[in-house]
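Let's go through this structure together, one question at a time. Keep the picture open and try each one before you read on.

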Amino acid sequence: MRTRASFLVGRDAELAQLSGALDDARSGRGAGLFLLGEPGIGKSRLAAEAVGRAVDSGMTVLRGRASATGPSVPFRPLSEALMSLVRKGVPFDEGALGPYRSVLGRLVPEWDTGEGVGAAHAHSLVVLAEGVLRLTAAAGRESGCLLFLEDLQDADAETLAVVEYLADNLRSESTLLLCTVRSEPSPALDVVHAVTRRLSGGTVELDRLARRVMRPFLASCLSVRDEEVHDAVVERLWRDSAGVPLVVEELLNSLVSSGRLARGGDGWRLMGDAAAALPVTLTRSVVERADRLGPVGRHLFSVASVLGHRFPLSVVQRVTGTDDHVLLEHLQAGVEAQLVTPDERGPDWYSFQHPLTADALLDRLTPAERAHLSRRAAGAAQELHPGLPRDWCPLAARLWLHAGEPVRAAGLFHEAGRRALADGAAGTAASLLTRAEKLFAAHGETRARAEVLETLLHLLAESGDWAGVHETSEALADELAGMAPERRVALHVRLAWAAYIAGRREDCERQVRLARALLPPGAAVAVTAPVDAVAAYLTLDGADSRRVAEAERCARRLVAAADAVTDPVALCQAWHLIGLVTRERDLADAHHCFERALELATRHGIPIWRAYAMIGAAGVSWLSEGNVGVLQSARKAALNVGGSALAENMSATLVMDAILRGDFPRAATLLRTSLATARRMRLGAVERYLHVTRAVLAAHQGRRAEMERALTAFRDCGGDQPHEQTLALGLGRAVCALLEEDGATARSHLTEVVATEERYPTTFYLAGAHGLRVLLHVLDGRMDEAEHAGLAARAPATMRWNRQFVCLAEAVLHGRAGRPERAADAVGRAALAGAEYPTARHLGLRLVAEAAHDGGWGEPVAWLRQAEEHFHARSVPAVAGACRALLRGIGAPVRQRRTGRDRVPARLRAAGVTVREFEVLELLPQRLTNKAIAERLHISPRTVEKHIASLFAKSGCADRVALSDYACAALATEPPAAWHHG
């Protein structure tokens with residue numbers, strides 16, 4: 001099948017420049033234009049598009065091509081171009097050539113009559129160039145001429161002289177001279193630079209294709225829709241081609257021809273490892289350019305290719321033994337030949353132009369030659385960089401592997417993996433450790449393999465890959481019995497933590513028991529600390545009523561003995577746990593605990609626990625002030641160090657945040673993604689929490705049936721933890737009942753929340769016991785000011801979600817005591833706390849409005865109107881209807897719900913503007929009289945007058961001009977919903 005792009009992709013700007021030049025030429029403003037770029041970049045393809053456009057517009061096209069094959073023929077591209085004019089019989093005024101017709105006989109044999117200009121000028125290049133100029137002018141007299149010369153870098157010096165003359169003299173002609181030139185050094189490129197310096201011509205420089213256009217480019221090659229090209233195909237070809245179109249097409253052809261890229265039901269996919277053969281075109285080009293550099297240059301770049309796509313000059317020099325002068329001379333030649341380019345790593349590093357260039361050079365080496373050069377390069381790297389710091393370790397590992405010493409290579413891969421893990425580069429660590437494990441396994445190095453597997457366990461645990469943890473632990477089973485007791489304890493602790501993260505409580509408890517059984521009697525805290533730290537988290541997540549206090553006591557024992565604890569991870573875990581449970585007493589103290597964990601993790605270089613500490617501190621900030629930005633930053637930090645399970649916990653919190661903010665569509669999208677990820681990663685605890693959030697999402701929209709289905713799924717996946725059930729009761733069922741105007745049921749659920757939390761203290765503080773229940777108790781007269789003050793001073797009541805309800809409760813108490821100013825202040829604080837939570841804010845105002853009206857404080861009418869508007873727009877009819885009933889009960893006008901209501905912008909609806917009033921308001925900017933407005937709306941002028949009077953009152957405007965301006969501003973800032981449809 002065809003694997004060539006069927007249309008230009010990613011060249012819009014360049015094509016526009018060419019089109020503009022063609023338009024200018026047809027208008028009598030000719031020019032010289034040079035397409036520059038490396039081989040395969042698409043110069044000819046772009047030029048062909050320009051030629052096609054020229055033909056379509058009626059221009060005369062003369063086309064010629066220089067060639068590096070065969071003997072050199074002077075003026076070949078010019079002769080080819082001019083003879084095509086004669087061969088095709090394109091009509092033009094030959095008389096306009098005058099004596100130059102004979103001169104052009106040097107290019108077109110049919111015209112060589114031996115007559116014309118004098119003998120002194122017969123062989124003048126200037127005269128010949130002028131003849132070509134006049135010919136193109138004559139040929140393009142009617143609709144312009146395009147003289148296209150391809151591969152000018154292969155042209156002879158005489159042709160270049162004519163091209164330079166033409167470029168200098170085309171300004172007032174109807175001819176565009178278009179040439180393609182490689183950007184590598186050549187006499188042709190010198191001419192281009194000279195012409196552009198004189199402003200006699202211009203250039204169009206083609207860069208490699210951008211990453212964003214790779215998918216449409218491949219889709220064009222395969223003649224399919226963009227979405228039918230899978231991500232892995234895009235990434236592989238982008239990586240291997242470096243964005244060079246010809247290389248992309250060659251690689252694609254190789255993959256398709258070999259069956260390693262095939263089309264399935266959902267598009268084109270890579271099959272197996274899909275390693276493509278090197279394109280013949282690229283291999284030939286690389287070999288030819290390397291050969292031009294001579295034996296020394298070819299040897300230098302062969303050594304460089306052994307080092308990889310990027311290579312250090314110092315190692316190349318040590319292996320080849322060349323002096324600085326020879327090295328730099330050949331390096332510069334390689335840059336000019338477009339084999340290599342300076343690398344961003346620094347002055348000692350260079351990289352090959354294409355990732356496949358190194359592979360092409362490697363293909364020329366025999367296995368023995370490659371092994372010999374690899375061994376020498378590995379030795380040179382170790383001599384130049386003792387200890388192999390940073391990237392030198394994995395580089396040396398690859399070199400020893402190619403040198404035929406796999407066990408030595410595996411040891412270096414293991415060391416590089418340990419370093420990457422310590423630096424937080426989880427993805428790199430996994431790749432290096434897996435490579436080391438396979439090499440050790442293949443060569444019978446069982447003890448070394450066991451050490452690698454231990455390191456891998458830590459990484460797999462934090463990534464939430466329980467299946468990988470289980471498989472790795474099974475692989476270690478044979479080695480376990482022969483390990484020293486302290487190593488076996490450490491291994492069981494690691495497995496216990498992995499099970500804890502995955503939500504596998506029984507597995508975690510079993511590993512803790514196994515670890516404790518190996519501890520010596522009366523072991524010191526330094527020995528027991530790692531086991532105790534994991535056990536504390538197990539206790540915290542248990543169902544015992546004393547679990548929180550017991551977990552904190554265990555953690556505090558560890559930090560109290562910090563000087564004796566030698567495991568910094570255990571101390572980080574202890575401070576993190578204390579921070580979690582301290583949030584109920586003091587948010588500032590909790591933040592301090594997380595800071596201590598962060599300091600420890602930073603000092604000891606433990607990236608994953610830095611992420612844990614950052615997330616703990618972010619959680620305090622979110623609970624305290626609703627700061628979602630810190631949650632997102634902490635999640636990214638966890639992902640950066642491979643803490644996938646930790647990051648998914650944050651994702652679940654972000655879902656809950658979106659629900660509380662009333663952003664239900666976004667919450668639903670995030671929830672679907674997070675739930676799928678939790679299931680795939682088998683994160684049981686996260687999945688259970690997400691089922692609770694799914695129930696809360698339905699509850700906050702008043703969708704009871706959806707809520708109950710979500711709670712059923714919650715129970716089915718083991719949702720029997722009391723602290724998770726409190727969220728389901730308070731944030732779920734209680735809120736849903738209030739949105740159904742079923743206050744009794746809501747109060748019953750909140751009572752159950754409090755009872756459950758008393759029996760089983762929780763670390764979830766937004767379930768209602770510290771916020772919504774406080775407000776309902778005050779409204780019911782079941783809580784006085786003293787009790788309210790005591791509750792309001794507790795840390796959970798100061799959390800932003802709870803604070804809005806606690807402040808409203810305070811307002812009710814002040815209002816009953818005859819303190820309207822203090823009540824208004826409390827309402828203001830509630831409004832600030834609830835600014836990010838519209839559903840909760842309006843629900844709270846609806847709940848206190850009746851008490852405010854009865855007590856003569858606040859703005860109950862405005863609150864009820866705003867709440868009615870909010871809940872009507874969100875299809876929560878019970879609350880919207882209750883608001884309207886309360887408005888009627890206190891004698892306030894109630895808006896009609898009639899056809900066309902949704903056309904009224906929200907700002908005007910909130911002000912009480914009716915549909916008819918809005919229709920009048922729409923016409924006011926036209927400065928119409930009452931009579932004219934009445935005729936437009938088919939109502940009486942008296943009715944218009946009444947509507948305008950009502951609008952004066954609702955808008956606060958003093959006259960008709962001000963009301964017209966008000967209408968213009970309202971309609972400009974928020975057009976009606978119906979307008980968005982055209």
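Q: In which hand does H22 pass H24?
A: This is a predicted model, so keep that in mind as you look. Helix H22 covers residues 485-501 and helix H24 covers residues 525-540, and their axes come within 10 Å. Look at how one helix passes the other there: the crossing is left-handed.

Q: Is H22 roughly parallel or roughly antiparallel to H24?
A: Start with the angle, since the axes of H22 and H24 cross at roughly 20 degrees. Angles under 35 degrees count as roughly parallel, and those over 145 as roughly antiparallel. So H22 and H24 are roughly parallel.

Q: Which residues of H24 meet H22?
A: On the H22 side, look for Val489, Val493, Ala496, Trp497 and Tyr500. In an α-helix, residues three or four places apart point the same way, because there are 3.6 residues a turn. Across from the H22 residues, the partners in H24 are Pro530, Val531, Val534, Tyr537 and Leu538.

Q: At what angle do the axes of H1 and H2 cross?
A: Here's another helix pair to find: H1 is residues 12-26 and H2 is residues 43-56. Glu14, Leu15, Leu18, Ser19 and Leu22 in H1 meet Leu46, Glu49, Ala50, Arg53 and Ala54 in H2. H1 passes H2 in a right-handed crossing. The axes come within 10 Å, and the crossing angle is roughly 35 degrees.

Q: How far apart are the end C-alpha atoms of helix H30?
A: H30 runs over residues 644-660, which makes 17 residues. At 1.5 Å a residue, H30 should span 24 Å. The model agrees with that, because the end C-alpha atoms are 25 Å apart.

Q: How many of the residues of H30 are buried?
A: Buried means under 20% relative accessible area. Just after H30 you'll meet Gly662, with a positive phi near 80 degrees. H30 itself is mostly covered, and the buried count is 15 of its 17 residues.

Q: How many of the residues of H32 are buried?
A: Helix H32 is residues 684-699, and its 16 residues reach 23 Å from first C-alpha to last. That is close to the 22 Å expected at 1.5 Å a residue. H32 is mostly covered, with the buried residues numbering 14 of 16.

Q: Is Glu184 buried or exposed?
A: Find Glu184 in the loop between strand S4 (175-182) and helix H7 (187-197). Setting aside residues up to four places away in sequence, Glu184 touches Pro39, Leu189, Arg289, Glu336, Ala337 and Gln338. Its relative accessible area is 13%, so Glu184 is buried.

Q: How far apart in space are Glu184 and Ala337?
A: Along the sequence, these two residues are 153 residues apart. Even so, they are in contact. From C-alpha to C-alpha, the distance is 6.1 Å.

Q: Which residues does Ser84 contact, leaving aside its neighbours within four places in sequence?
A: Ser84 sits in helix H3, residues 76-87. With a relative accessible area of 4%, Ser84 is buried. Its C-alpha is 9.0 Å from that of Val61, 23 residues away along the chain. Its contacts are Leu62 and Arg63.

Q: What is the relative accessible area of Asp151?
A: Asp151 lies in the loop between strand S3 (145-150) and helix H6 (157-168). Beyond its neighbours within four places in sequence, Asp151 is in contact with Arg65, Ala66 and Thr180. Asp151 counts as buried because its relative accessible area is 14%.

Q: Is Phe75 buried or exposed?
A: Phe75 is in the loop between strand S2 (60-65) and H3. Phe75 has a positive phi of about 65 degrees although it is not a glycine. The relative accessible area is 6%, so Phe75 is buried.

Q: Is Ser223 buried or exposed?
A: Ser223 is also not a glycine, and its phi is positive, near 60 degrees. Look for Ser223 in the loop between helix H8 (214-222) and helix H9 (231-241). Its relative accessible area is 52%, so Ser223 is exposed.

Q: How many disulfides does the chain have?
A: A disulfide here needs a pair of cysteine sulfur atoms within 2.5 Å. Cys393 is buried at a relative accessible area of 1%, and Cys593 is buried at 2%. By the distance rule, the count of disulfides is zero.

Definitions and conventions
Residues are numbered from 1 along each chain as its sequence is written. This is a predicted model: local features need pLDDT of at least 70, side-chain atom pairs count only at pLDDT 80 or more; totals for chains, interfaces and linings use all residues. Side-chain values use heavy atoms; hydrogens and water are left out. Buried means under 20% relative accessible area, exposed over 50%, partly exposed in between (1.4 Å probe, protein chains only). Helices (H or I, at least four residues) and strands (E, at least two) are DSSP runs, numbered from the N terminus. The expected span of a helix is 1.5 Å times one less than its number of residues. Axes are lines fitted to C-alpha atoms, for helices over the stretch in contact, and angles run from 0 to 180 degrees between N-to-C directions. Angles under 35 degrees count as roughly parallel, over 145 as roughly antiparallel, 65 to 115 as roughly perpendicular and the rest as oblique. A crossing is left-handed if the near helix is turned anticlockwise from the far one by less than a right angle, and right-handed if clockwise. Contact means heavy atoms within 4.5 Å.
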